[in-house]
Amino acid sequence: MTDTQAHALATLRDIDGRFHRLFEAVDTVDETAATPVPDPITTLRRARSQIDAALFEQHRRTDDNPLPDGGSCVLQWTPTTSPPRRLVLEPDGDGDSWTRRELEWTGAGWRSCRRDTIRDVAISAPAEPRYPDPVDPPTLDTLLALIRGTWTNPDPDVLVFDTAGMTEQGVLVAVEDELRYRGADSHQWYTVTDEAELSHHLQQQGQPTIQPLSETSLTRHHFTPSPLTNDGE
């Protein structure tokens with residue numbers, strides 16, 4: 001604990017003690033009439049002034065050090081035709097340079113695409129927060145767990161790979177313990193046995209979303225015939 005923090009804590013403890021004694025005085029008003037005590041309003045004003053001083057000191061220290069040691073700035077976004085990305089700016093130990101890292105979501109974690117050292121960083125942001133804090137997208141394993149066991153439902157949940165109409169929509173279903181993938185314009189589905197195949201779709205079409213099968217252009221019939229059958233649909 002720093003000296004400033006210790007002083008602030010001691011001030012708050014003193015304020016707490018003053019309030020406690022004040023409340024005791026109010027509860028025992030009959031006794032206080034015979035025993036002189038400081039005016040309660042004066043005590044409250046003194047306590048408030050000490051609170052204001054402690055808050056001002058905390059505000060000043062926050063302004064002097066807007067980014068704590070080891071802090072970083074993170075910008076995260078989802079492109080139209082590729083997986084989520086992050087830009088991370090991390091201050092180096094010398095206080096003058098920063099490390100810039102560009103990351104891409106793989107479906108299981110963040111992959112570094114570029115890393116370099118930069119200087120003279122200037123940051124402008126809205127005075128009031130208008131955007132959520134960056135969070136990791138759900139992993140492919142998490143998404144697969146959510147669609148497994150839903151095929152017997154009237155409207156099963158499926159994974160949809162879609163890049164806002166840039167390429168054909170791809171749909172992944174879980175029929176019992178088997179994962180089956182089919183493009184909206186394909187003539188057949190195929191079994192997915194390796195998660196790397198899903199990572200490929202993610203790289204080409206972006207992070208998939210969970211949707212009811214009824215909200216896609218495919219139906220149960222598109223996933224139940226033999227994958228070797230060309231159904232022409």
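Which strands each supply at least two residues of the lining of the largest pocket? Keep that in mind as we walk through this predicted model, starting with the sheet and then turning to the pocket.

Let's begin with the strands. Four of them form an open sheet, and following the order takes you from β1 to β2, then β3, then β4, with antiparallel pairing. At the edges sit β1 and β4, the latter spanning 110–119, and each of these two pairs on one side only. As you step from one strand to the next, the twist averages 15°.

Now look inside the sheet, at β2 and β3. Strand β3 covers residues 97–105, and its antiparallel pairing with β2 runs over seven bridges. If you would like a particular spot to find on screen, try Val 88: its bridge partner in β3 is Arg 101.

With the sheet in view, we can come to the largest pocket, which holds about 810 Å³ of space. Its lining is made up of 21 residues, and the ones nearest the centre are Val 74, Leu 75, Tyr 131, Pro 132 and Pro 134. Sorted by class, the lining has 16 nonpolar residues, alongside two polar and three charged ones.

That brings us back to the opening question. The strands are β1, at 73–77, and β2, at 85–91, each supplying at least two residues of the lining. Of the contributors, β1 gives the most, with four residues. So when you trace β1 in the structure, you are following an edge strand of the sheet that also contributes to the lining of the largest pocket.

Definitions and conventions: Residues numbered from 1 in each chain as written. Predicted model: local features only at pLDDT ≥ 70, side-chain atom pairs only at ≥ 80, totals over all residues. Heavy atoms only, no water. 1 Å grid on protein atoms, 1.4 Å probe; cavity = no way out; pocket = protein on both sides within 12 Å on 5 of 7 lines; lining within 4 Å. Points joined across faces, edges and corners; volume = space filled by probe spheres on them. Nonpolar A, V, L, I, M, F, W, Y, C, P; charged D, E, K, R; others polar. Pairing = 2+ DSSP bridges. Axes fitted to C-alpha atoms, helices over the stretch in contact; angles between N-to-C directions.
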